[in-house]
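Here is a quick tour of a protein chain for anyone who likes to see the numbers next to the coordinates. Have a look at the fold before reading on.

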Amino acid sequence: QTCASPHVLAEPSPTSPWARPTKAPHLRPRSMARWTDAHRPRDSTVTMTSRTPDARPAAPPQPVDVAAVLRGLDAIFAAHDGPTRAAPYLRSALADAERQGDDGARLTLLNELVGLYRSQSLHDDAVAASLSALTLVEAMGLTGTDAHATTLINGATAMRAAGRPDDARALYSQALSVADAAFGPTDRRLAGLHNNLSILCSERQ
C-alpha cells in the first residue's frame with residue numbers, strides 16, 4: 001500500500017497559452033453599390049440607403065488545453081516559483097475555462113487548486129475549491145464515476161488538513177462507496193483511500 005494521497009492529477013503543474021480566446025465577431029463590409037447616370041433609370045428617383053453591417057456568428061468556444069496548462073504548472077515548480085506564481089496561474093486558467101464553458105477543464109483545474117492550496121496551508125481556499133468541484137461533478141452528471149471518487153478523495157483530504165475531521169470522514173466514506181465500483185478492486189488508489197481513512201481515524205483517537 002502507498003501512503004501517498006490519491007489526487008485527481010499529479011502534483012500541481014501550470015502552463016502556457018491554455019486556450020485561445022474567442023475571436024470577436026467580424027463585420028461584413030458594407031455593400032457599396034456604384035451608381036452612374038448611365039445606370040440610373042430615366043425619370044426615376046433613386047434613394048440610396050446604407051445597410052447595417054451583418055455580424056458574423058461568433059466563433060465557437062475553444063476547449064482549454066489542459067495538458068498545456070499542466071506543463072506550464074510543472075515549469076513553474078521546476079523554476080522554484082510555485083509559492084508565488086502557481087496559484088495565480090491556475091486561477092487564471094480556471095477563469096479562462098469558465099469563459100470558454102469547458103466544464104471538464106474546470107473540474108481538473110479545481111482539483112489541482114485543492115491540492116495546491118492544501119500544500120500551501122491555505123485551508124479555507126482548499127475547502128472552497130473542493131466544494132466547487134463537487135458541485136460541478138453533480139452538474140456534469142458524473143456522480144458515481146472515477147472523477148467523482150477522485151474529487152471526493154481530494155475534498156476529504158482538504159477537510160482533514162483544515163481540521164474538519166467529521167467532514168473529512170463523511171467525504172472519505174462517500175469516496176469508498178463510489179471507488180469500490182469506479183476504481184475496481186485492484187486499483188492502487190483504493191488502497192491509498194483506505195490508508196487515508198485509517199490515518200484520519202488514528203488522528204481522532
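## Contacts and overall make-up

Among the contacts in the protein chain with a separation of 6 or more, 69% join residues 24 or more positions apart. Keep in mind that this is a predicted model. The chain has seven helices and zero strands, so written from the N terminus the elements simply read α-α-α-α-α-α-α.

Here are the chain-wide values in one place:

| Property of the protein chain | Value |
|---|---|
| Buried share of the 205 residues | 37% |
| Accessible surface | about 12100 Å² |
| Carbon and sulfur share of that surface | 52% |

Now for helix 3, which covers residues 103-119. How far apart should its ends be? With 17 residues at 1.5 Å a residue, the expected span is 24 Å, and the end C-alpha atoms are indeed 24 Å apart, so the two agree.

Helix 3 is also mostly covered, with twelve of its 17 residues buried. Among them are Ala105, Thr108, Asn111, Glu112, Gly115 and Tyr117, along with Leu107, Leu109, Leu110, Leu113, Val114 and Leu116. What do these buried residues pack against? Their partners are helix 1 (66-78), helix 2 (82-100), helix 4 (123-139) and helix 5 (146-161). Just past the end of helix 3, Ser121 adopts a positive phi of about 60°.

As for rings, the count of aromatic pairs is zero. There is a charge over a ring, though: the charged end of Arg189 sits over Phe183, 3.9 Å from the ring centre.

Notes:
Residues numbered from 1 in each chain as written. Predicted model: local features only at pLDDT ≥ 70, side-chain atom pairs only at ≥ 80, totals over all residues. Heavy atoms only, no water. Helix = DSSP H or I, 4+ residues; strand = E, 2+ residues; numbered from the N terminus. Expected span 1.5 Å × (residues − 1). Buried < 20%, exposed > 50% of the residue type's maximum accessible area, 1.4 Å probe, protein only. Contact = heavy atoms within 4.5 Å. Phe/Tyr/Trp six-rings, centres within 6.5 Å; stacked < 30°, edge-to-face > 60°. Lys NZ or Arg CZ within 6 Å of the ring centre and 35° of its normal. Areas by Shrake-Rupley, 256 points an atom, 1.4 Å probe, with all protein chains shown as cover.
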